[in-house]
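I opened a new notebook page for this structure and went through it one look-up at a time. The entries below follow the order in which I worked.

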Amino acid sequence: QVQLVESGGGLVQAGGSLRLSCAASGRTFSIYAMGWFRQAPGQERELVAAFTWSVGTTNYADSVKGRFTISRDNAKNTVYLQMNSLKPEDTAVYYCGADSRPPYNRDDYRWYDYWGQGTQVTVSS
């Protein structure tokens, strides 16, 4: 069992920044990959950024490359998403996920096993 607790969402103006945090607890040693996904009303959940825990390779959605950065603090078992130059189209509920059981797929939310509660990010024009 893995528990994920998210924080850091809010309302910002276009061009502003936010940093999301995801604190993991439980069987964190089993995690293969972690990622941030977002979902707007009526839309499918989509990849924002993800990484493999042991290797550290990352993948970003084309729409956020150069603006968002995923990182981790092993001592705190925490994953971050630094979001800069925010745009109104970034508005969504952001979810932290953990892929801990095979089959593994770092970049596809359908194969993730644990999720945080979600945090709302709203970007005004």
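What follows is my record of the fold, the cores, the backbone oddities and a few single residues.

**Entry 1: the model and its fold**

I note at the start that this is a predicted model. I looked up the secondary structure and found 11 strands and zero helices. Read along the sequence, the pattern is β-β-β-β-β-β-β-β-β-β-β. I then checked the radius of gyration, which is 14 Å; the globule rule gives 14 Å for 125 residues, so the protein is as compact as a globular protein of that length. For the outer dimensions, I have the C-alpha atoms filling a box of roughly 40 × 30 × 25 Å along the principal axes.

**Entry 2: burial, surface and charge**

What share of the 125 residues counts as buried? I get 45%. The accessible surface comes to about 6,300 Å², and carbon and sulfur atoms hold 47% of that surface. I looked at sequence separation too: among contacts between residues at least 6 apart in sequence, 57% join residues at least 24 apart. On charge, I list 12 positive and 11 negative side chains, with the centres of the two sets 5 Å apart.

**Entry 3: the cores**

I looked for the largest nonpolar core and found one of 30 residues. The residues with the most contacts inside this core are L4, M34, W36, L81, M83 and Y94. Two or more core residues come from each of these elements: β1 (2-7), β3 (18-26), β4 (33-39), β5 (46-52), β7 (68-73), β8 (78-83), β9 (92-99) and β11 (119-124). Apart from this core lies another, of five residues, and I noted F37, L47, A50 and Y112 among them.

I took M83 as a sample of the largest core. Leaving aside neighbours within four places in sequence, M83 is in contact with G16, S17, L18 and L20. The rest of the M83 contact list is R67, F68, Y94 and V121.

**Entry 4: backbone oddities**

Which residues does a cis peptide bond join? I found P102 and P103, with omega at about 0°. P103 sits in the loop between β9 and β10 (114-115).

I also looked for positive phi outside glycine. N77 has a phi of about 50° and is not a glycine. N77 belongs to the loop between β7 and β8, and its relative accessibility of 28% makes it partly exposed. S85 is another non-glycine with a positive phi of about 50°. I place S85 in the loop between β8 and β9, and at 41% relative accessible area S85 is partly exposed.

**Entry 5: T57**

T57 is in the loop between β5 and β6 (58-60). I read a relative accessibility of 38% for T57, which counts as partly exposed. Not counting residues up to four places away in sequence, T57 touches A50, F51, T52 and R106. A50 had already come up in the core of five residues. I also took the C-alpha distance from T57 to A33: 9.6 Å in space, with their positions 24 residues apart in sequence.

**Entry 6: S71**

S71 lies in strand β7. Is S71 buried or partly exposed? I have it as partly exposed, because its relative accessibility is 33% and the buried class ends under 20%. Beyond residues up to four places away in sequence, S71 touches T78, V79 and Y80. S71 and R27 are 44 residues apart along the chain, and their C-alpha atoms are separated by 20 Å.

**Entry 7: Y95**

I finished with Y95, which is in strand β9. Its relative accessible area is 16%, so I enter Y95 as buried. Which residues is Y95 in contact with, leaving aside neighbours within four places in sequence? I list E6, G35, W36, F37, Q39, R45, W115, G116, Q117 and G118. Of these partners, W36 is among the residues with the most contacts inside the largest core, while F37 is one of the residues of the other core. For Q117 I took the C-alpha distance as well: Y95 and Q117 are 6.8 Å apart in space and 22 residues apart in sequence.

Definitions and conventions: Residues numbered from 1 in each chain as written. Predicted model: local features only at pLDDT ≥ 70, side-chain atom pairs only at ≥ 80, totals over all residues. Heavy atoms only, no water. Core = buried A, V, L, I, M, F, W, Y, C linked by side-chain atoms within 4.5 Å. Buried < 20%, exposed > 50% of the residue type's maximum accessible area, 1.4 Å probe, protein only. Helix = DSSP H or I, 4+ residues; strand = E, 2+ residues; numbered from the N terminus. Contact = heavy atoms within 4.5 Å. Rg over C-alpha atoms; globule rule 2.2 N^0.38 Å. Areas by Shrake-Rupley, 256 points an atom, 1.4 Å probe, with all protein chains shown as cover. Lys, Arg positive; Asp, Glu negative; His and termini not counted. Charge placed at Lys NZ, Arg CZ, Asp CG, Glu CD.
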